[in-house]
Amino acid sequence: MITLTRIGDQPNVNVHTYVGLSTDKKPECVNGSTFFEMDKNRSFIFDAQNKIWRKLFVDEEAKVSSQTALQANITAGRDIDLTESFALDPSKTARDDRMVFEKNATVDFGNKEITVPSTLNTNGKNWSALYVEVGADVVLMGNEGGINVSGETTEEVDGPYCITNFGGNLRIVSGNYKAHGTAVYGYEGTTIIEGGFFEASPVNTNNPVRSWTLNLLNSAWKEGKAKFIVRGGTFVNFDPSHPNTDDAKTYVEEGLKVIQEQKENGDIWYTVV
């Protein structure tokens, strides 16, 4: 349980006024409202233009503009504020060369993008760009930025994925995530999606060919070890309220609904509201 407090503007002092718990409805806010998660030691500021909460970065070490800096911050357990777009090195095919989060972190992609070459799915040994491990508490957010798997693929190629939760607590607030096969895979743990844009190319894993944009490991879902809680977001050609992925009947939180929008190219966008 995270206690939210409002940070006041009195001179030379931060006055934290209790406003509720993280499980409560978000308090009314205006642009620039700032809240602090006490037991996580994180500050967030409200971005009214994009209607999202952003991590309030105060640490220059959080700024990342290369794969080397990215890996350094992940290893050290620091937050990540992406300041430049870049592609991961296609010659580094080991799992440890990806974004493997074993410690708590907040990642703000902003308008920048990490590109993952599709060739990194070599022999099925490197099938996700970002991993959240057991015990890690990871928050992802962004404007137009996020994770993009690039390169040619076929209906028989499943991966790389954008994100795999291996048993941590993952919260996706916003950002763009485009993958081959599956954008977010829940192997174990809880994945909460509050917003963002998600797209995955279809995979011929059964008939008919379809996208598994969100997907859970069937055995983990049956044992109650893996779940999605979808509270927002837009999904291309994938309805999270009827995922049809051989696990949960719906990923959408009770009380919410999905609206559809047909695009000129034939795609259907499903948005949770």
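**Strand pairing, aromatic pairs and the nonpolar core**

A convenient place to enter this predicted model is Asn148, whose bridge partner in strand S16 is Lys178. The pairing of strand S14 with S16 (residues 176-180) is parallel and rests on three bridges. S14 also pairs with strand S11 (residues 113-117), again in the parallel sense, and here five bridges join the two. On that side, Asn148 is the bridge partner of Thr115. Asn148 thus has a bridge partner in S16, namely Lys178, as well as Thr115. Strand S14 itself spans residues 146-150, and four of its five residues are buried, so the rest of the structure largely encloses this strand.

The wider setting is rich in strands: the protein has 23 of them, together with two helices. Of its 273 residues, 49% are buried. Contacts between residues at least 6 apart in sequence reach far along the chain, with 58% of them joining residues at least 24 apart. The accessible surface comes to about 13500 Å², and carbon and sulfur atoms account for 47% of that area.

Turning to the interior, the largest nonpolar core holds 47 residues, and Leu140, Ile147 and Ile163 are the ones that touch the most other members. Strand S15 supplies the largest share of this core, with four residues. The surroundings of Leu140 can be followed in some detail. Setting aside residues up to four places away in sequence, Leu140 touches Val107, Phe109, Leu130 and Ile163, along with Leu170, Arg171, Ile172, Val173, Ser174 and Tyr177. Two of the residues in that list, Phe109 and Tyr177, return in an aromatic cluster that also includes Phe198, Phe235 and Phe238.

Aromatic side chains deserve a closer look, and a search of the whole structure finds nine aromatic pairs. In one of them, the ring centres of Tyr131 and Phe166 lie 5.7 Å apart with an angle of 5° between the planes, so this pair is stacked. Tyr131 belongs to strand S12 (residues 128-132) and Phe166 to strand S15 (residues 161-172), and the pair therefore links distant parts of the chain, 35 residues apart. Tyr131 and Phe166 are both buried.

A second pair, Phe228 with Tyr251, is tilted, with 4.9 Å from centre to centre and 55° between the planes. Phe228 sits in strand S20 (residues 226-230), whereas Tyr251 lies in the loop between strand S21 (234-236) and strand S22 (258-262), so the pair ties together parts 23 residues apart in sequence. Both partners count as buried: the relative accessibility of Phe228 is 7%, and that of Tyr251 is 2%. A ring also meets a charge in this model, as the charged end of Lys263 sits over the ring of Trp269 at 4.0 Å from its centre.

Finally, one of the helices offers a polar residue to inspect. Asn73 is found in helix H1 (residues 67-76), and with a relative accessibility of 3% Asn73 counts as buried. Beyond its neighbours within four places in sequence, Asn73 is in contact with Glu61, Ala62 and Val64, and with Arg78, Asp79 and Ile80.

Technical notes:
Residues are numbered from 1 along each chain as its sequence is written. This is a predicted model: local features need pLDDT of at least 70, side-chain atom pairs count only at pLDDT 80 or more; totals for chains, interfaces and linings use all residues. Side-chain values use heavy atoms; hydrogens and water are left out. Buried means under 20% relative accessible area, exposed over 50%, partly exposed in between (1.4 Å probe, protein chains only). Two strands pair if DSSP finds at least two bridges between them. Rings of Phe, Tyr and Trp (its six-membered ring) pair if their centres lie within 6.5 Å; planes under 30 degrees apart count as stacked, over 60 as edge-to-face and the rest as tilted. A charge sits over a ring if NZ of Lys or CZ of Arg is within 6 Å of the ring centre and within 35 degrees of the ring normal. Contact means heavy atoms within 4.5 Å. A nonpolar core is a set of buried Ala, Val, Leu, Ile, Met, Phe, Trp, Tyr and Cys residues joined through side-chain atoms within 4.5 Å. Accessible areas come from the Shrake-Rupley method with a 1.4 Å probe; for residues, only the protein chains shown count as cover.
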